[in-house]
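Please look through the structure shown below, and then read the report that follows, which moves from a metal site to the chain and on to two of its helices.

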Amino acid sequence: MSKSMRFALFSVLVAVVTALGLVAPAGAAREIEPRPSTEELARQLFDLQLRSGGEVRVAPIGASNQGRPVWSARVGHGPQRLLFVTQQHGDEPLGTPAAVEFLREVGIGNDPHQRWWRDQVTVDVVVRANPDGHEHNWRYNYAPDADPEYGEAGKGYDINRYHDPAVAPEDNPATEAGLIRRHHAEFRPHIAVDYHMQGRYVGGDGREITASLMWPTTPGVAAEPLTLAKQVSVVARTAMDAGGANVSQYPGGDYQGIARNAYGLLGSGSVLIELSDMGPDHEQSQITSALTSMHAITNATADGSLHNTDPAEADTIPPRGEPLTP
Ligand SMILES: [Zn+2]
């Protein structure tokens, strides 16, 4: 048998096994790929679009400096609009697979809860905002000839310092930040959540911090979006902690180019969520924790319970604590 015939037979076998669901038997936890390649991520998104019968809509919001599409995947058609952004920093991957799972769980299927949910909210995800940084496995975008104020010469811009509302998207030196700014302006989300990853820390009680979050801290954010951001923070923290996480506040800065601050200034309930980089053994649970936050935020938005959440509870979330030393 020729090599190509063997490959063809193997491909058919894989397709049959996958179609029968033999790869992930019911009841067994399915391993989620933490770092899908650029091509694999696109395949996953268009597979969701196909299998959801168009409930998940995938479209590029533009291209990275190296010409890779920056994808938006949108699900639902309700009046409450939520924007999730993942992986602005290319080497902080785990929000991306969480978002793909989220899109799968709310987009594929027609049970009454899913249909109700999609009637209440529209969730748009910028999935892997920085595909070039992912490919290079670094924080920045790809602009090696730039000498960025925020970023690294020879590499590129730190996208998450270039969302300043005072800079027009077309004048933005950090290409992907300009794309997100324009996308935000078109979508006008009530809530915007930005998923990142941080190092390892311990809280005051000696337990490891698994994630940290923060609302806008720059002066000038109006009371309404600030309150909303704190309510989102409380809902996310409560759900993540109930799932075994240990969530702290994130000690972030007040520079208005940071997405968390910029989208607060622009009127969204804007929150940063940082998953701790706890190593390979914890990646699946960290993806699940991010997924839990996505579900909790959208559910509380859909059923209105978000607005009955006490925003002052956000201030009682403990500080992050000290770095974990090996
Ligand atoms: Zn980051």
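Is Glu92 buried or exposed in this model? Glu92 is buried, because its relative accessible area is 8%, and this value, like every other one here, comes from a predicted model.

Glu92 takes part in the zinc site, where the protein donors are His89 through ND1, Glu92 through OE, listed twice, and His196 through ND1, with distances of 2.0 to 2.7 Å from the zinc ion. Along the chain these donors follow the spacing H-x2-E-x103-H. The arrangement around the zinc ion is irregular because the four donor atoms subtend angles of 53 to 150°, whereas a tetrahedral site would need all angles between 85 and 135 degrees. His89 is buried as well, with a relative accessible area of 3%.

The table lists buried residues with their relative accessible areas.

| Residue | Relative accessible area |
|---|---|
| His89 | 3% |
| Glu92 | 8% |
| Pro97 | 3% |

Turning to the chain as a whole, its secondary structure comes to nine helices and 13 strands, and its C-alpha atoms fill a box of roughly 70 × 50 × 45 Å along the principal axes. The radius of gyration of the chain is 20 Å, which agrees with the value near 20 Å that a compact globule of 326 residues would have. Of these 326 residues, 51% count as buried, and the accessible surface comes to about 14,400 Å², of which carbon and sulfur atoms hold 54%. Among the contacts with a separation of 6 or more, 75% are between residues 24 or more positions apart.

Helix H4, which spans residues 112-120, has Gln114, Trp117 and Arg118 as its buried residues. Seen down the axis of H4, these buried residues fall within an arc of 95°, so they line one face of the helix. The elements that cover them include strand E2 (69-75), helix H3 (95-107), strand E4 (121-127) and helix H9 (283-302).

Helix H3, one of those covering elements, contains Pro97, a residue that is buried with a relative accessible area of 3%. Leaving aside residues up to four places away in sequence, Pro97 touches Ile32, Glu33, Pro34 and Ile287. The C-alpha atom of Pro97 is separated by 21 Å from that of Ala259, a residue 162 residues apart from Pro97 along the chain.

Technical notes: Residues are numbered from 1 along each chain as its sequence is written. This is a predicted model: local features need pLDDT of at least 70, side-chain atom pairs count only at pLDDT 80 or more; totals for chains, interfaces and linings use all residues. Side-chain values use heavy atoms; hydrogens and water are left out. Donors are N, O and S atoms within 2.8 Å of the metal (3.2 Å for Na, K and Ca); water is not among the atoms, so sites may look incomplete. Four donors count as tetrahedral if all angles lie between 85 and 135 degrees; four count as square planar and six as octahedral if opposite donors are over 155 degrees apart and all others between 65 and 115; anything else is irregular. Buried means under 20% relative accessible area, exposed over 50%, partly exposed in between (1.4 Å probe, protein chains only). Helices (H or I, at least four residues) and strands (E, at least two) are DSSP runs, numbered from the N terminus. The radius of gyration is taken over C-alpha atoms; the globule rule is 2.2 Å times the number of residues to the power 0.38. Contact means heavy atoms within 4.5 Å. Accessible areas come from the Shrake-Rupley method with a 1.4 Å probe; for residues, only the protein chains shown count as cover. The arc is that of the directions from the helix axis to the C-beta atoms.
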